[in-house]
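Grab a coffee and open the viewer: here are some short exercises to work through at your own pace. Try each task yourself before reading its solution.

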Amino acid sequence: MPDPAPSTDDYIRVCRVTDLPDPGKMVVEVGDRLVGLFHVSGTFWAIDDLCTHDGGPLADGELDDHTIRCPRHGALFDIRTGRALTMPATRPTVAHEVKVVGDEVYIRLREP
């Protein structure tokens, strides 16, 4: 008997795998939150689209490997963990769980 498909309970479908090139980034709405979705080296990552320094949008910034640079003041964040890597940001942004089922990408929000 084949294994059942992985459960998508608590996950919200946000796009198809083919909607986001590798490397690539996009902003998706998950519930009432804006989330930066990133596709790097075959893996999807998601963080709040929110610079913890001044509340600006992160996904508008430059993606370089596993870091995103805030376009306002240049703070770097790790897209895998949400960790703030450089000043002026000192606090992490929230990283969310991502899973791919078939050709669909799902996100489960984590609370701040």
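The exercises below go from the whole chain to single residues, and the model they use is predicted.

**Exercise 1. The overall build**

Task: Find how many helices and strands the chain has, and work out how its radius of gyration relates to the globule rule.

Solution:
- Step 1. Start with the elements: the chain holds 0 helices and 9 strands. Read from the N terminus on, the order is β-β-β-β-β-β-β-β-β.
- Step 2. Turn to the radius of gyration, which is 14 Å for the chain. The globule rule gives 13 Å for 112 residues, and the two values are close, so the chain is as compact as a globular protein of that length.
- Step 3. Add the outer dimensions: along the principal axes, the C-alpha atoms fill a box of roughly 55 × 25 × 20 Å.
- Step 4. Finish with burial and surface. Of the 112 residues, 43% count as buried. The chain exposes about 6300 Å², with carbon and sulfur atoms supplying 50% of that area.

**Exercise 2. A sheet of 3 strands**

Task: Determine the strand order of the open sheet that contains E6, and name its edge strands.

Solution:
- Step 1. Trace the order, which is E5-E6-E7, with antiparallel pairing.
- Step 2. Look for strands that pair on one side only: these are E5 (62–64) and E7 (76–78), the edge strands.
- Step 3. Check the angle: neighbouring strands of this sheet are turned by 25 degrees against each other on average, direction ignored.
- Step 4. Zoom in on one pairing. E5 and E6 (residues 67–69) are joined in the antiparallel sense over 3 bridges. Here aspartate 64 stands opposite threonine 67 in E6.

**Exercise 3. An aspartate in E7**

Task: Decide whether aspartate 78 is buried or exposed, and list what it touches.

Solution:
- Step 1. Place the residue: aspartate 78 lies in strand E7.
- Step 2. Take its relative accessible area, 8%. Buried means under 20%, so aspartate 78 is buried.
- Step 3. Leaving out residues up to four places away in sequence, aspartate 78 touches Ile47, His66, Arg83 and Leu85.

**Exercise 4. Two cysteines**

Task: Explain why cysteine 70 and cysteine 51 are not counted as a disulfide.

Solution:
- Step 1. Recall the chemistry: a disulfide is a covalent bond between the sulfur atoms of two cysteines.
- Step 2. Apply the cut-off, which is sulfur atoms within 2.5 Å. The sulfur of cysteine 70 is 3.8 Å from its closest cysteine sulfur, in cysteine 51, so it is too far for a bond.
- Step 3. Count: the total is 0 disulfides.
- Step 4. Check accessibility: cysteine 51 is buried at 2%, and cysteine 70 is buried at 2%.

Terms used
Residues numbered from 1 in each chain as written. Predicted model: local features only at pLDDT ≥ 70, side-chain atom pairs only at ≥ 80, totals over all residues. Heavy atoms only, no water. Pairing = 2+ DSSP bridges. Helix = DSSP H or I, 4+ residues; strand = E, 2+ residues; numbered from the N terminus. Axes fitted to C-alpha atoms, helices over the stretch in contact; angles between N-to-C directions. Buried < 20%, exposed > 50% of the residue type's maximum accessible area, 1.4 Å probe, protein only. Contact = heavy atoms within 4.5 Å. Rg over C-alpha atoms; globule rule 2.2 N^0.38 Å. Areas by Shrake-Rupley, 256 points an atom, 1.4 Å probe, with all protein chains shown as cover.
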